[in-house]
Amino acid sequence: MKSILIGIAGGTGSGKSTFTNRLKDAFHDDIAVLYHDNYYKKQDGIPFEERKKMNYDHPEAFETELLLDQLSRLQRGESAQCPVYDYSQHNRSDQFLTVLPKRVILVEGILVFADQRLRDMFDIKIFVEADADERILRRVIRDVKERGRDIEGVVEQYLTTVKPMHYLYVEPTKPLADIIINSGMNEVAFHLVKTSIEKILGEPSDQ
């Protein structure tokens with residue numbers, strides 16, 4: 001079984017997770033989904049206050065080697081023990097999620113197109129973009145409601161690392177995408193991708 005890999009990138013708060021999760025909800029267990037955020041490097045030896053101030057929007061913040069290895073395992077038809085990130089602790093948790101090989105695998109994250117080795121694995125590359133003002137507002141709401149952050153910390157992190165890293169590493173990957181959409185709720189784009197996945201799932205697995 002050759003898996004089809006679909007990369008979904010975009011800046012923080014752009015709607016890429018919304019788009020990814022809509023596809024996940026549409027296909028349930030028929031597809032696999034991996035989130036690059038879960039591959040942040042483990043930082044057990046670093047105090048919490050220092051972890052809060054670290055740059056999580058630089059390519060070096062991720063253990064992309066592990067993601068590459070696990071994607072290769074999934075493509076070989078093997079299962080993978082994928083890490084789980086704890087946003088409240090700014091650290092990888094001790095939990096793992098067993099991901100089974102599927103015909104279609106989605107990989108979502110701000111920097112999934114930044115590493116050429118990872119980028120070259122994707123059969124389809126989708127970039128979700130949004131206005132910068134919309135992105136920061138969405139990030140504030142998400143981080144405070146879902147990740148236990150305070151507004152001051154979210155704003156400071158955005159200004160010191162998120163914003164500059166976006167223009168340095170995320171935005172330059174947009175032209176590398178096959179498809180660029182302006183919202184995670186773009187219905188036309190969603191149905192086009194959904195139809196493409198349905199076609200892939202309907203094809204014989206040896207193709």
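Two strands are said to pair if DSSP finds at least two bridges between them. With that rule in hand, the central sheet of this predicted model can be described. Five strands make up an open sheet, their order is 2-5-1-6-7, and their pairing is parallel. At the edges of this sheet stand strand 2 (31–35) and strand 7 (179–181); each has a single partner strand, so one side of each is left without a neighbour in the sheet. From one strand to the next, the twist averages 20°.

The individual pairings can be followed across the sheet, beginning at strand 2. Strand 2 pairs with strand 5 in the parallel sense, over five bridges. Within this pairing, Y35 has E108 of strand 5 as its bridge partner. Strand 5 also runs parallel to strand 1, and five bridges join these two strands. Here I6 stands opposite L106 in strand 5. Strand 1 (residues 4–10) is paired in turn with strand 6 (residues 124–128), in the parallel sense and over five bridges. In that pairing, A9 stands opposite F127 of strand 6.

Helices cover the sheet. Helix 3 (residues 64–75) packs on the sheet and touches strand 1, strand 2 and strand 5 (104–108); the direction of helix 3 makes about 170° with that of strand 5. Helix 7 (residues 187–202) lies across strand 1, strand 2, strand 5, strand 6 and strand 7, and runs at about 145° to strand 5.

Strand 5 deserves a closer look. How many of the five residues of strand 5 are buried? Five of the five are buried, so strand 5 is largely enclosed by the rest of the structure. The term buried here means under 20% relative accessible area. In a regular strand the side chains alternate between the two faces of the sheet. In strand 5 both faces are covered: V104, L106 and E108 are buried on one side, and I105 and V107 are buried on the other. Two of the bridge partners named above belong to this strand: L106 stands opposite I6, and E108 is the partner of Y35.

Beyond strand 2 the chain enters a loop that leads to helix 2, and D37 lies in this loop. Is D37 buried or exposed? With 18% relative accessibility, D37 counts as buried, since the limit for that class is under 20%. Leaving aside its neighbours within four places in sequence, D37 is in contact with F62, Y85, Y87 and R147.

The loop between strand 2 and helix 2 (48–52) also holds K41. K41 forms a salt bridge with E60, and their closest N and O atoms are 3.9 Å apart. Because E60 lies in the loop between helix 2 and helix 3, the pair ties together parts that are 19 residues apart in sequence. K41 counts as partly exposed, at 36% relative accessibility, whereas E60 counts as exposed, at 55%.

This pair belongs to a wider set, for the structure holds 15 salt bridges. Among them is the one in which the side chains of E78 and R73 meet, at 3.5 Å from N to O. E78 is partly exposed, with a relative accessible area of 29%, and R73 is also partly exposed, with 31%. Another joins K174 to E171, with the closest N and O atoms 3.1 Å apart. In this pair K174 counts as buried at 18% relative accessibility, while E171 is partly exposed with a relative accessible area of 28%. Salt bridges that share partners also join K42, D44 and D94 into one network.

The last stop is a nonpolar part of the surface. V144, I151, V155 and L159 form a nonpolar patch there, and together they have about 320 Å² of accessible area. Which element gives the most to this nonpolar patch? Helix 6 (residues 151–170) does, with three residues. L159 has its place in helix 6. At 53% relative accessibility L159 counts as exposed, because that class begins over 50%.

Notes:
Residues numbered from 1 in each chain as written. Predicted model: local features only at pLDDT ≥ 70, side-chain atom pairs only at ≥ 80, totals over all residues. Heavy atoms only, no water. Patch = residues over 30% accessible without salt bridge, like charges linked within 9 Å, V, L, I, M, F, W, Y side chains within 5 Å. Areas by Shrake-Rupley, 256 points an atom, 1.4 Å probe, with all protein chains shown as cover. Salt bridge = Lys/Arg side-chain N within 4 Å of Asp/Glu carboxyl O. Helix = DSSP H or I, 4+ residues; strand = E, 2+ residues; numbered from the N terminus. Buried < 20%, exposed > 50% of the residue type's maximum accessible area, 1.4 Å probe, protein only. Axes fitted to C-alpha atoms, helices over the stretch in contact; angles between N-to-C directions. Contact = heavy atoms within 4.5 Å.
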